[in-house]
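User: I have a structure in front of me and do not know how to read its features. Can we go through them one at a time?

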Amino acid sequence: MSGAVVTKGGVSRWFRRGPWEAGAMTLIGGGIVMLVQPWSIDLYSYSFVTILAGTVGYVIVSHFPE
Amino acid sequence: MTTILQPDDATIAGMSEPARSRATRRVRGLSDRAIAWLFVAPTIALLLAINIFPLVWMIRLSFTSLNLSMSYLPLRFVGLDNFRDILTDEDVWFRLQTTAQFVIWSVALQVVIGYGLALLINRQFRGHSFWTTIILLPMMLSPAVVGNFWTLLLQPQIGPFNYVISLFTGVPPSSFSMTGQVALAPWTIVIVDTWMWAPYVMLICLAGLRSIPDYIYEAAEVDRASPWRQFWSITLPMTVPFLMLAVLFRAIENFKMFDMVNLLTSGGPGSTTELVSITLKRAAFEKWRTGYSSALAIILFVTVFGAANIYVKALNKVKQR
């Protein structure tokens, strides 16, 4: 019984919405900067994948508990 | 839902069990849930037809080599080739940089001017309602009207803009063209966009300024804080969430900007003011590269969708305040 509570607490500690949302938003913001920066075409090439990962990640983590 | 038809009990009693059940269900009419679905169904059908279906179709086309000028050719599946072409194309990369420069300069000017106007209007001087209406006028115009209107204003021969500039600088009015010169055209679209949308930023900032309780300023007065100190310690920190909201909203809108710039410069001279939305239009409706332009549209859609998520998050923070 107490083990289950610890596990549940551990899971909810790991899957809190706040930090994951912040991470996803950082990924989106970073991807947008990569898309429009004037320095490296390699960064530009990987920008869409970064934005897509951030956006899909955001949609998923926005369903995590507060 | 109330019963709309009541058969007599003797008729129902005479039926077999399944028939009785069916008859009872029929006479009771529609449930609240069914009626709710009935009302929502047309909207859902419209959304599916106008939004979701074209989006799904565009995703499908982005993986093909469809060219509408050669639509007689069989549709060929090319996988991620269109995406690879776009994400290694230096021209598209430069157009995205042009778009970013336009977004940064126009949003920065809109925020500075909009915030300044909001501070002035918030002083509640005599006739401030009248001036608020006048300031808000450009925002209420259609971008198509603004584009045509400014095209006339900026005409080197007959437009008054050049004459006003020549009054201050002494440069002959017909010696320069705001929309036709490489050095001036990017600033022209920034100026026109700022003219149109600074009032919108002003409105958001005004909402932020009016949400600050008076007692905070009264406490600052008691502490003998100077107006400058009050601005930096109270006004600005308490309106920052509203400013963030304005910045995000205008940045998303300007990233998608098409109509006004297309009417003013059509992306010219050369490709100096060619924003990525104009590149998309050219690929889709001048070069007829439908598969390629669908892929570019998806890249822009995902970018705007990602930025909109951040915007909604910022909006919720402001609401919680």
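Analyst: What follows takes the confidence, the chains, their contact and then some single residues. This is a predicted model.

User: How far does the predictor trust chain B, and what score does the complex get?

Analyst: Begin with the average, then look at the extremes. Chain B has a mean pLDDT of 88, and 91% of its residues score at least 70. For the complex, the predictor gives an ipTM of 0.84 and a pTM of 0.83.

User: Where in chain B is confidence lowest, and where is it highest?

Analyst: Confidence in chain B is lowest in helix H1 (residues 9-13), with a mean of 55, and highest in H5(B), with 95. Look also at residues 1-5 of chain B, where pLDDT stays under 50. For that stretch the model has 10 contacts beyond four places in sequence.

User: Which elements make up each chain?

Analyst: Count helices and strands, then read their order. Chain A has 3 helices and 0 strands, and its elements run α-α-α from the N terminus. Chain B has 14 helices and 0 strands.

User: What do the dimensions of chain B say about its shape?

Analyst: One approach is to set the radius of gyration beside the value for a compact globule. For 321 residues such a globule would have a radius near 20 Å, but chain B has 29 Å. Along its principal axes, the C-alpha trace of chain B spans about 100 × 75 × 35 Å.

User: How is chain B divided into domains?

Analyst: Chain B is divided into domain 1 (9-70) and domain 2 (85-320). The centres of these two domains of chain B, taken over C-alpha atoms, are 43 Å apart. Their contact takes 10 residues from domain 1 and 8 residues from domain 2. On the domain 1 side of chain B, the residues divide into 5 nonpolar, 5 polar and no charged.

User: What share of each chain is buried?

Analyst: Buried residues make up 27% of the 321 residues in chain B. In chain A, which has 66 residues, 26% count as buried.

User: How do I read contacts by their separation in sequence?

Analyst: Take the contacts between residues at least 6 apart, and ask what share join residues at least 24 apart. In chain B that share is 70%. In chain A it is 60%.

User: How many residues of chain A are in contact with chain B?

Analyst: 17 residues of chain A are in contact with 18 residues of chain B. H2 and H3 of chain A each supply at least two residues to the chain A side. H3(A) gives the most to that side, with 9 residues. By class, the chain A side has 12 nonpolar, 5 polar and no charged residues.

User: How should I read a single helix, such as H2 of chain A?

Analyst: Start with its length. Helix H2 of chain A (residues 17-36) has 20 residues and reaches 29 Å from its first C-alpha to its last, close to the 28 Å expected at 1.5 Å a residue. Next, consider which way its residues point. An α-helix has 3.6 residues a turn, so residues three or four places apart point the same way. The buried residues of H2(A) include A:Ala24, A:Leu27, A:Ile28, A:Gly31 and A:Leu35.

User: What covers the buried residues of H2(A)?

Analyst: The cover includes helix H3 (41-61) of chain A, together with helix H5 (90-121) and helix H14 (290-320) of chain B.

User: Is B:Trp105 buried or partly exposed?

Analyst: B:Trp105 is found in helix H5 of chain B. It counts as partly exposed because it has 18 C-beta neighbours inside 10 Å, and a buried residue needs 20 or more. The C-alpha atoms of B:Trp105 and B:Trp187 are separated by 8.8 Å, although these residues are 82 apart along the chain.

User: Which backbone details should I look for in the loops?

Analyst: Look for cis peptide bonds, and for positive phi in residues other than glycine. The bond from B:Gly268 to B:Pro269 is cis, with omega near -5°. B:Pro269 is found in the loop between helix H12 (259-264) and helix H13 (276-285) of chain B. Phi of B:Arg224 is near 60°, a positive value, and this residue is in the loop between H10 and H11 of chain B. B:Arg224 counts as exposed because it has 7 C-beta neighbours inside 10 Å. B:Trp288 also has a positive phi, of about 60°, and lies in the loop between H13 and H14 of chain B. With 15 other C-beta atoms within 10 Å, B:Trp288 is partly exposed.

Notes:
Residues numbered from 1 in each chain as written. Chains lettered and ligands numbered in written order. Predicted model: local features only at pLDDT ≥ 70, side-chain atom pairs only at ≥ 80, totals over all residues. Helix = DSSP H or I, 4+ residues; strand = E, 2+ residues; numbered from the N terminus. Expected span 1.5 Å × (residues − 1). Buried ≥ 20, exposed ≤ 12 C-beta atoms within 10 Å, placed from the backbone. Contact = placed C-beta atoms within 7 Å. Domains from an automatic or database assignment. Nonpolar A, V, L, I, M, F, W, Y, C, P; charged D, E, K, R; others polar. pLDDT = per-residue confidence, 0-100. Rg over C-alpha atoms; globule rule 2.2 N^0.38 Å.
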